[in-house]
Amino acid sequence: MRAEAAPPAPQEVALLRKAGLRLTPQRLAIAREILSRSHPTVGEVFEAVRRQFPTIGLATVYATFNLMAERGLVRALPFADAVRYDANLSPHANLVCTRCGRITDFDGCDDVLAILRERMAAAVTFQLQDERIDLYGLCRACQEPARSPTARTSPD
């Protein structure tokens, strides 16, 4: 009799195990929300998880985020309005929409980051510990002109 390979663990289970955290239902729900959202805040995750676990405290969500950040599984991204968390730890740029606030990962910049690291190492005596590149502009949705059924075109 052959033993079948176990199915792969869901992403949130693997993430918590990698952090060495106990797999509680609340932590699994928090990790699931972190992985399913784009750069969430603690408040956004708290509101989503609270629907499933009405008695969960905001402190529990903060503690889980902080442990995951300390263990290198998410990165805190402080912005002026809030701290957002990024589960994508590979080198990338954050494309930040200045109108709606949406943040999108841009993964196609490894070569640019390598050039920056090389130039920095050659030019200054600075020991790089981490990197973060934020590029600001308008996302595709915010670039499109507002379409309103009552909008009129002006005669030329």
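This is a guided tour of a predicted model of one protein chain, taken in steps that can be followed in a viewer.

**The whole chain**

Begin with the entire chain in cartoon view. The protein chain contains 6 helices and 5 strands. Followed from the N terminus, its elements come in the order α-α-α-α-β-β-β-β-α-β-α. If the chain is coloured by burial, 29% of its 156 residues count as buried. Of the contacts between residues at least 6 apart in sequence, 44% join residues at least 24 apart.

**First stop: helices H1 and H2**

Select residues 11-19, which are helix H1, together with residues 25-36, which are helix H2. The two helices pack with their axes 9 Å apart, at an angle of about 110°. An angle from 65 to 115 degrees counts as roughly perpendicular, and H1 and H2 are therefore described in that way. Their crossing is right-handed.

Next, display the side chains at this crossing. On the H1 side they belong to Gln11, Glu12, Val13, Leu15 and Leu16, and these meet Arg27, Leu28, Ala31, Arg32 and Leu35 of H2. Sorted by class, the contact of H1 with H2 comprises 6 nonpolar, 1 polar and 3 charged residues.

**Second stop: helices H2 and H3**

Keep H2 selected and add helix H3, residues 42-52. The axes of H2 and H3 come within 10 Å and cross at roughly 135°. H2 and H3 are therefore oblique to each other, and the crossing is right-handed. H2 contributes Ala29, Ile30, Arg32, Glu33 and Ile34 to the contact, while H3 contributes Val45, Ala48, Val49 and Gln52. By class, the residues of this contact divide into 6 nonpolar, 1 polar and 2 charged.

**Third stop: His39**

Now centre the view on His39, in the loop between H2 and H3. Is His39 buried or exposed? His39 counts as buried, because its relative accessibility is 4% and the cut-off for burial is under 20%. The backbone here also deserves a look. Most residues other than glycine have a negative phi. His39, which is not a glycine, has a positive phi near 55°.

**Fourth stop: Gly57 and helix H4**

Move along to Gly57, in the loop between H3 and H4. Gly57 has a relative accessible area of 26% and is therefore partly exposed. A distance drawn from the C-alpha atom of Gly57 to that of Phe46 gives 8.1 Å, although the two residues are 11 apart along the chain.

Then select helix H4, residues 58-70, and show H2 again. The axes of H2 and H4 come within 10 Å, crossing at roughly 65°. This crossing is right-handed. From H2, the residues to display are Arg27, Ile30 and Ile34; from H4, they are Thr60, Val61, Thr64, Phe65, Leu67 and Met68. The contact of H2 with H4 has 6 nonpolar, 2 polar and 1 charged residues by class.

With these helices in view, H2 residues that take part in two contacts can be picked out. Arg27 is among the residues that meet H1 and also among those that meet H4. Ile30 is listed in the contact with H3 and in the contact with H4.

**Fifth stop: the sheet**

Hide the helices and turn to the strands. Strands of a sheet pair through backbone hydrogen bonds, either parallel or antiparallel. Here 3 strands form an open sheet in the order E4-E3-E5, with mixed pairing. Strand E4 (103-106) and strand E5 (133-137) are the edge strands, each pairing on one side only. From one strand to the next, the twist averages 30°.

Select strand E3, residues 93-97, with its neighbour E4: the two run antiparallel and are joined by 4 bridges. Leu95 stands opposite Thr104, and Val96 has Ile103 as its bridge partner. E3 and E4 form a hairpin with 5 residues between them. In its turn, Gly101 has a positive phi of about 85°.

On the other pairing, E3 and E5 run parallel and are joined by 5 bridges. Which residue of E5 stands opposite Val96? Tyr136 occupies that position. Val96 is thus a useful residue to label, since it is partnered with Ile103 in E4 and stands opposite Tyr136 in E5.

Finally, show the surroundings of E3. Because 4 of its 5 residues are buried, strand E3 is largely enclosed by the rest of the structure.

Key: Residues numbered from 1 in each chain as written. Predicted model: local features only at pLDDT ≥ 70, side-chain atom pairs only at ≥ 80, totals over all residues. Heavy atoms only, no water. Axes fitted to C-alpha atoms, helices over the stretch in contact; angles between N-to-C directions. Parallel < 35°, antiparallel > 145°, perpendicular 65-115°, else oblique. Left-handed = near helix turned anticlockwise from the far one by under 90°. Contact = heavy atoms within 4.5 Å. Nonpolar A, V, L, I, M, F, W, Y, C, P; charged D, E, K, R; others polar. Pairing = 2+ DSSP bridges. Buried < 20%, exposed > 50% of the residue type's maximum accessible area, 1.4 Å probe, protein only.
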